[in-house]
Amino acid sequence: MRKLLFMMLATVCALSVARAARHQAQTGIKLASDTVAVLTAKAEKGDAIAQNTLGLWYYTGKNVKQDYRTAFTWWSKSAQQQNADAIGNMAMCFQLGNGTKKDSVTAYKMYIIAINKGNKSILPQHEAIVKNTGSLFSSRLLYDCYTNGIGVKRDAQKAEAYLRVLAAGGDVESQFDLALKCLNSKRVEEAVRLFKAAAGQGNVAAIYYSGYLTFNGMGTKQDKVDGMKLMQIAADKGFVAAYYQLGKAYYNGDGTAKDLPKAIAYLIEAAGSNKDAAWLLGQCYLETTPPDLYLAVQWMAEAVKKHEEDFNELLAANTDKQIYNYILGLMKYYIDKDYEAAIKVFKEVAKDSPEGYTMQAVCLANKNYGKRDVKKAMKTLEKAAKKGSVVANYYLSSLYGQDGDKDKALELLRTAADGGVAFAQCKLGDMYFSGEGIAKDYVKAAEYYRKAEKQNYLSPASAQNLIACYERSISSLPDINNSKQRIAELKETKQNNNLVDMLWAITE
């Protein structure tokens with residue numbers, strides 16, 4: 001549950017006389033006829049209603065000396081028997097700190113439990129409290145109930161009214177939530193004001209939106225420079241959407257000079273979780289010198305389901321260029337398993353891109369190719385690497401490793417990993433993790449695993465090793481405090497087959 005920021009007000013009324021009277025009517029226990037001794041006897045025998053009523057007497061000082069602690073004790077006994085009134089009364093004690101230590105979070109949880117069990121007096125009581133005192137605690141409770149339909153029908157209008165109380169009271173999350181509601185309902189100027197208020201309290205998402213709206217002149221005067229500055233602050237704090245927008249700006253030269261390396265640096269931070277960023281990153285790699293067809297196609301495969309129309313347009317417009325032939329060659333290799341035909345296509349690609357040499361070598365080294373020639377594959381990969389193919393170093397490393405030159409293999413593997421090849425990052429991470437051919441280093445292993453994960457290409461085996469890094473509490477992991485959730489996520493890691501899936505989809 002989202003962090004609750006509650007401000008407690010000492011003026012909150014505990015239990016009104018009117019509520020006490022309603023309670024007695026509901027329970028059937030009459031204050032005039034029942035003595036303390038009679039009621040206590042019933043309560044001690046385990047009568048939940050008597051326990052709750054006796055708690056009420058001690059809390060209000062009716063027929064007994066007022067004693068919050070004793071009231072809390074009797075309500076606890078009744079609540080253990082799932083008495084909704086008693087649970088609500090205990091929540092009130094936690095809210096006010098009467099008879100127990102003040103605990104707003106526990107109070108909130110118990111109010112929700114009581115409401116779900118049928119306590120109908122809680123919401124009207126808190127509505128009156130908000131009206132009279134502006135309590136942020138009661139406003140939060142009512143906002144969540146009207147938003148989620150807890151004890152009442154969902155009511156967006158009432159929910160927003162209580163959200164406004166919270167926002168006006170300085171609750172930063174409420175300011176952001178209300179700003180987002182305003183933005184989505186085209187109340188942009190109000191959204192700008194609220195985002196600015198939340199941003200002033202350090203809310204990273206609000207800083208991003210403030211920058212985005214300023215950059216685009218939505219609800220405020222357009223200022224691309226200031227907009228980028230604000231989005232940069234959000235990006236520095238790891239906000240994914242900010243990385244995407246900055247990468248987009250540098251790619252298009254919008255509000256700044258076009259800068260392809262910067263665009264790639266920002267987009268790669270967002271592309272693993274943002275399909276638009278993945279697609280744009282693929283386009284960036286098509287524009288590098290020389291074009292990196294390997295990474296371009298990898299990222300297009302990540303985003304093709306969302307950008308299917310863009311992908312079809314790209315292929316249709318480039319039937320005479322290397323990207324079309326490269327994908328055609330990949331289809332021959334992965335789908336048709338026709339290595340001879342794939343080599344012919346990749347020879348055409350090699351006229352303009354070193355990735356053509358890389359894939360020729362991959363075909364030549366394949367154990368299923370009838371004309372397999374590992375020596376020729378190594379020479380072809382060396383040519384590809386010299387011409388700028390980063391992934392060629394990964395394949396070349398494997399072949400050097402088979403030949404026994406472990407030092408050369410490690411050097412090439414590191415070049416590929418540092419160049420952004422996820423398969424190389426996983427393999428190098430595994431080596432650091434196990435200490436195979438290199439000094440064991442869990443910090444380095446985790447670093448390379450996270451790089452591969454950022455590209456959605458962390459292998460299941462490497463994911464298990466990364467889980468072990470979290471279990472060892474490797475301090476360099478930036479999200480080590482959230483290790484339980486990260487471990488749960490990593491356990492769901494599956495092999496990324498997006499490239500092959502995309503190639504199969506083309507054939508259909």
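At the start of α16, which backbone nitrogen does a side-chain oxygen of N274 reach? The partner is the backbone nitrogen of D276, and the oxygen comes to within 2.9 Å of that atom. Keep in mind as you look around that this is a predicted model.

## Helix α16

Let's stay with this helix for a moment. Helix α16 covers residues 275-286, which makes 12 residues. At 1.5 Å a residue, those 12 residues should span 16 Å. The end C-alpha atoms are 17 Å apart, so the expected span and the model agree.

How many of the 12 residues of α16 are buried? Nine of them are, so the helix is mostly covered, because a residue counts as buried when its relative accessible area is under 20%. You can find the buried ones in the model: A277, A278, W279, L280, L281, G282, Q283, C284 and Y285. These buried residues pack against four helices, namely α14 (240-252), α15 (260-270), α17 (293-303) and α18 (308-317).

## Salt bridges inside helices

Now for some charged side chains. The structure holds 18 salt bridges, and here are three to look at.

| Pair | N to O distance | Helix |
|---|---|---|
| R140 and D144 | 3.9 Å | α8 (residues 136-148) |
| E160 and R164 | 3.2 Å | α9 (residues 156-168) |
| E447 and K444 | 3.9 Å | α26 (residues 442-454) |

Start with helix α8. R140 and D144 lie four residues apart there, about one turn of the helix. Are these two residues buried or exposed? R140 is buried, with a relative accessible area of 1%, and D144 also counts as buried, at 10%.

In helix α9, E160 and R164 are four residues apart, which separates them by about one helical turn. Here the two partners fall into two classes of exposure: E160 is buried at 16% relative accessible area, whereas R164 counts as partly exposed at 30%.

Helix α26 brings another pair. E447 and K444 are three residues apart, and about one helical turn separates them. E447 is partly exposed, with a relative accessible area of 32%, and K444 is partly exposed too, at 30%.

Which residues do salt bridges with shared partners join into one network? The members are E160, R164, R187, E190 and R193. You have already met E160 and R164 as the pair whose side chains meet at 3.2 Å, N to O.

Note on methods
Residues are numbered from 1 along each chain as its sequence is written. This is a predicted model: local features need pLDDT of at least 70, side-chain atom pairs count only at pLDDT 80 or more; totals for chains, interfaces and linings use all residues. Side-chain values use heavy atoms; hydrogens and water are left out. A salt bridge is a side-chain nitrogen of Lys or Arg within 4 Å of a carboxyl oxygen of Asp or Glu. Helices (H or I, at least four residues) and strands (E, at least two) are DSSP runs, numbered from the N terminus. Buried means under 20% relative accessible area, exposed over 50%, partly exposed in between (1.4 Å probe, protein chains only). The expected span of a helix is 1.5 Å times one less than its number of residues. Contact means heavy atoms within 4.5 Å. A polar contact is a pair of N or O atoms within 3.5 Å; within protein, one must be able to donate a hydrogen and the other to accept it, and residues adjacent in sequence count only if both atoms are side-chain atoms.
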